[in-house]
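Let's take a walk through this fold together, one piece at a time. Keep the viewer open and turn the model as you read.

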Amino acid sequence: MIKILIVEDEKPIADLIYLNLTNAGYQCEKVHDGLKAADLIEKNRYDLVLLDIMLPGADGYEILEYLKEYDTPVIFVTAKADVKDRVKGLKLGAEDYLTKPFEIVELLARVETVLRRFNKNESRLSFADVVVDLEAHVVYQNGKPVNLTMKEYDILVLFLQNKNIALFREKIFEKVWEGEYTGDSRTVDLHVQRMRKKLGWEKRIVPVYKVGYRLEDTDEV
């Protein structure tokens with residue numbers, strides 16, 4: 001399983017990132033101090049570090065320098081939004097730079113991109129009675145293959161990577177169709193509804209009023 005370290009001194013933000021990355025299937029640890037982060041990095045091996053810059057103990061730039069000997073990719077997640085700060089972070093070796101406030105969907109997309117760049121992305125996704133083989137592009141339900149179209153498959157993967165997150169229709173369209181959303185929701189709705197019906201997930205993937213849909217990670221459905 002992909003292992004991610006979250007280094008963030010604002011506990012509500014650290015908790016939010018931790019919850020959503022865990023729901024997306026990643027194994028996470030969180031720490032609120034730069035020196036404690038260095039201790040964890042020395043003892044463990046991480047596939048990715050999400051790193052704030054302004055930290056007690058040691059700042060994010062120092063931790064980034066420390067991480068270089070471990071060849072661990074870093075995404076800065078910080079309130080320092082000036083271009084000079086972004087350029088400095090990237091020049092020092094960060095793979096990406098995300099400023100606060102941010103949307104969770106964007107954070108998850110950037111995490112996925114960096115992991116893919118380092119060939120550390122998972123080859124399978126699983127949830128409830130469904131397993132998705134990402135390399136073979138095959139979906140299994142209770143061990144039997146499910147016949148989904150390519151767009152239905154892409155939508156399913158997007159939901160599995162964003163469990164318990166309300167996905168806007170425009171986000172679904174832009175991610176799956178790789179184009180600008182025109183405001184016509186019928187295409188998205190049709191594909192989501194067909195995919196839900198094929199999996200029998202009408203109670204798992206639920207409509208969110210005036211937003212889109214959400215995959216609910218609960219045993220009560």
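Two strands count as paired if DSSP finds at least two bridges between them. With that in mind, please remember that this is a predicted model, and start with the sheet built from five strands. This sheet is open, its strands follow the order 2-1-3-4-5, and their pairing is parallel. Strand 2 (27–31) and strand 5 sit at the edges with a single partner strand each, so one side of each has no neighbour in the sheet. On average, and with direction ignored, neighbouring strands here are turned by 20° against each other.

For a closer look at one pairing, go to strand 1 (residues 3–7). Five bridges connect strand 1 to strand 2, and the two run parallel. One pair you can pick out is Leu 5, whose bridge partner in strand 2 is Glu 29. At another part of the sheet, helix 4 (residues 83–91) lies across strand 4 and strand 5, running at about 150° to strand 5.

Some loops in this part of the chain deserve a stop. Between helix 3 (60–67) and strand 4 (74–78) there is a loop that holds Asp 71. The phi of Asp 71 is near 55°, which is a positive value in a residue other than glycine. Is Asp 71 buried or exposed? Asp 71 has a relative accessible area of 56%, and because the cut-off for exposed is over 50%, Asp 71 counts as exposed.

Further along, Pro 101 has its place in the loop between strand 5 (96–99) and helix 5 (104–117). The peptide bond that joins Lys 100 and Pro 101 is cis, with omega at about -5°.

His 137 is found in the loop between strand 7 (130–133) and strand 8 (138–141). As a residue other than glycine, His 137 also has a positive phi, near 55°. His 137 is partly exposed, with a relative accessible area of 43%.

Now move on to a sheet of three strands. Which order do the strands of this open sheet follow? They follow the order 10-12-11, and the pairing is antiparallel. Strand 10 and strand 11 stand at the edges and have a single partner strand each, so one side of each is left without a neighbour in the sheet. In general, strands of a sheet pair through backbone hydrogen bonds, either parallel or antiparallel.

Strand 12 (residues 212–215) is joined to strand 10 (residues 167–168) by two bridges and to strand 11 (residues 205–208) by four bridges. A good landmark is Tyr 213 in strand 12: Leu 167 stands opposite Tyr 213, and Pro 207 stands opposite Tyr 213 too. Another pair is Val 208 and its bridge partner in strand 12, Gly 212. Strand 11 and strand 12 form a hairpin with three residues between them, and in the turn Lys 210 has a positive phi of about 60°.

Helices lie across this sheet as well. Helix 8 lies across strand 11 and strand 12, running at about 150° to strand 11. Asp 189 lies in helix 8 (residues 186–199). Asp 189 is buried, with a relative accessible area of 15%. What does Asp 189 contact, leaving aside its neighbours within four places in sequence? Its contacts are Arg 169 and Tyr 213, and Tyr 213 is the strand 12 residue that stands opposite Leu 167.

Helix 6 lies across strand 10, strand 11 and strand 12, and runs at about 60° to strand 12. Helix 6 is mostly covered, with eight of its 11 residues buried. Among the buried residues of helix 6 are Tyr 153, Ile 155, Leu 158 and Phe 159, and Glu 152 is buried too.

Finally, see how helix 6 meets a neighbouring helix. Helix 6 (residues 150–160) and helix 7 (residues 169–176) pack at an angle of about 120°, and their axes are 10 Å apart. That angle makes helix 6 oblique to helix 7. Their crossing is right-handed. From helix 6, Lys 151, Asp 154, Ile 155, Leu 158 and Phe 159 meet Ile 172, Lys 175 and Val 176 in helix 7. The residues of this contact divide into five nonpolar, no polar and three charged. Ile 155, Leu 158 and Phe 159 thus appear in this contact and in the list of buried residues of helix 6.

How values were computed
Residues numbered from 1 in each chain as written. Predicted model: local features only at pLDDT ≥ 70, side-chain atom pairs only at ≥ 80, totals over all residues. Heavy atoms only, no water. Axes fitted to C-alpha atoms, helices over the stretch in contact; angles between N-to-C directions. Parallel < 35°, antiparallel > 145°, perpendicular 65-115°, else oblique. Left-handed = near helix turned anticlockwise from the far one by under 90°. Contact = heavy atoms within 4.5 Å. Nonpolar A, V, L, I, M, F, W, Y, C, P; charged D, E, K, R; others polar. Buried < 20%, exposed > 50% of the residue type's maximum accessible area, 1.4 Å probe, protein only.
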